[in-house]
Amino acid sequence: MSKRYGFVLSALILVALAGCTPADGPVAAADTGAPEPEPEPSSSQDVDLAGLTLTVADLPTGGWTLDPATSDAESAETSTDKTAGETCGLDFTSLFPPDTAENDHGSTFSRTDLNQRFITAVVFVNDAEQLTSELSTELDSCTGPHTSTSNGKDTRVEIDELVGGDQAIEGDTKSCRQYEMAIGYTSMSGSFCFIADGDLITTTMTTGPSMSTVQPDEFVQLTNAATQKAFAAR
């Protein structure tokens, strides 16, 4: 799997789900002289989101390196499809549009020798548990291959239950699946999970070549580590 497609899948969680938060903070509004409105109360205020997400030291399995922030040259603006995709195509914007997220923070870890990635994020969002339950119901309808054209490339996605089920993944409200995906001539597979607690969702996702995917038992370990850290103070 190329680095390019790793970032495409990262965006499914970190951008399509939660919206894009600039690394350097929001751009200041122009000073018009008018008083600024009081910010609306938010459950994410005063929360150190970076402190809720995994670091390399937190990972329970070895070989992972934190991906550095992409440079301006690597993240040059590229147009994207304006029409919403479908959940069965791993497009979650119908349930989690960008304007539903109050705040988010995520990280991507890589095993470059195996072309594997592990993406995790925390997202504050209204009705997190309801949205996660609705996502699980939507995914139950994904019973066969889903084909589409995404950003000019033929895409094929097949979603299935996790090998061994999701009982070993901690959390009462969750939506976890495994997938196989082909974009053009590039094939990959992995697992993803959304776990909700109150107004906080923890997301995890693995990507890798179909012949070298992150194994289900390791995905469970990584996901439980993510939820334990995110929900520890709740």
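**Overview of the predicted model**

Of the 234 residues in the protein chain, 43% are buried. The model is a predicted one, and it makes sense to start with the overall layout before zooming in on particular residues. The protein chain holds three helices and eight strands. Read from the N terminus, these elements follow the order α-β-β-β-α-β-β-β-β-β-α. As for contacts in the protein chain between residues at least 6 apart in sequence, 69% of them bring together residues at least 24 apart. The accessible surface of the protein chain is about 12,600 Å², and carbon and sulfur atoms account for 50% of that.

Next come the disulfides. A disulfide is a covalent bond between the sulfur atoms of two cysteines. Searching the whole structure turns up two disulfides. One of them runs from Cys 88 to Cys 142, with an S to S distance of 2.0 Å. Cys 88 sits in the loop between strand E1 (65-66) and strand E2 (101-111), while Cys 142 sits in the loop between helix H2 (128-140) and strand E4 (146-150), so this bond ties together parts that are 54 residues apart in sequence. The torsion about the S-S bond of Cys 88 and Cys 142 is about -90°, and the disulfide is therefore left-handed. Both ends are tucked away: Cys 88 is buried because its relative accessible area is 15%, under the 20% cut-off for buried residues, and Cys 142 is buried as well, at 6%.

The other disulfide joins Cys 176 to Cys 193, where the S to S distance is 1.8 Å. Here the bond links distant parts of the chain that lie 17 residues apart, with Cys 176 in strand E6 (residues 173-183) and Cys 193 in strand E7 (residues 186-197). Cys 176 and Cys 193 are both buried. With the bonded cysteines of the protein chain numbered in sequence order, the pairing reads 1-2, 3-4.

Aromatic side chains are another thing to look for. Across the whole structure, a search finds four aromatic pairs. One of these is Phe 109 with Phe 118: the ring centres are 6.1 Å apart and the planes meet at 20°, so the pair counts as stacked. Phe 109 is buried, with a relative accessibility of 0%, and Phe 118 is likewise buried at 0%. An edge-to-face arrangement appears for Phe 192 and Phe 194, whose rings are 6.2 Å centre to centre with 85° between the planes. Phe 192 and Phe 194 are buried too. Going back to the stacked rings, Phe 109 and Phe 118 belong to one aromatic cluster together with Trp 64.

Helix H3 is worth a look of its own. H3 has 16 residues and spans 22 Å from its first C-alpha to its last, close to the 22 Å expected at 1.5 Å a residue. An α-helix has 3.6 residues a turn, so residues three or four places apart point the same way. The buried residues of H3 are Glu 218, Phe 219, Val 220, Leu 222, Thr 223, Asn 224, Ala 225, Ala 226, Thr 227, Ala 230 and Phe 231.

Asn 224, one of the buried residues just listed, is found in this helix, which covers residues 216-231. Its relative accessible area is 9%, so Asn 224 counts as buried. Leaving aside residues up to four places away in sequence, Asn 224 touches Ala 168, Ile 169 and Glu 170. With Glu 170 there is also a specific atom to point to: the side chain of Asn 224 reaches the backbone nitrogen of Glu 170 at 2.8 Å.

Finally, a word on backbone angles. Most residues other than glycine have a negative phi, and most peptide bonds are trans. Asn 115 has a positive phi, near 55°. Asn 115 lies in the loop between E2 and strand E3 (116-125), and it is partly exposed, with a relative accessible area of 35%. Asp 127 also shows a positive phi, near 55°. Its place is in the loop between E3 and H2. At a relative accessible area of 52%, Asp 127 is exposed, since the cut-off for that label is over 50%.

How values were computed. Residues numbered from 1 in each chain as written. Predicted model: local features only at pLDDT ≥ 70, side-chain atom pairs only at ≥ 80, totals over all residues. Heavy atoms only, no water. Helix = DSSP H or I, 4+ residues; strand = E, 2+ residues; numbered from the N terminus. Buried < 20%, exposed > 50% of the residue type's maximum accessible area, 1.4 Å probe, protein only. Polar contact = N/O pair within 3.5 Å; in protein donor to acceptor, adjacent residues only side chain to side chain. Contact = heavy atoms within 4.5 Å. Areas by Shrake-Rupley, 256 points an atom, 1.4 Å probe, with all protein chains shown as cover. Phe/Tyr/Trp six-rings, centres within 6.5 Å; stacked < 30°, edge-to-face > 60°. Disulfide = S-S within 2.5 Å. Expected span 1.5 Å × (residues − 1).
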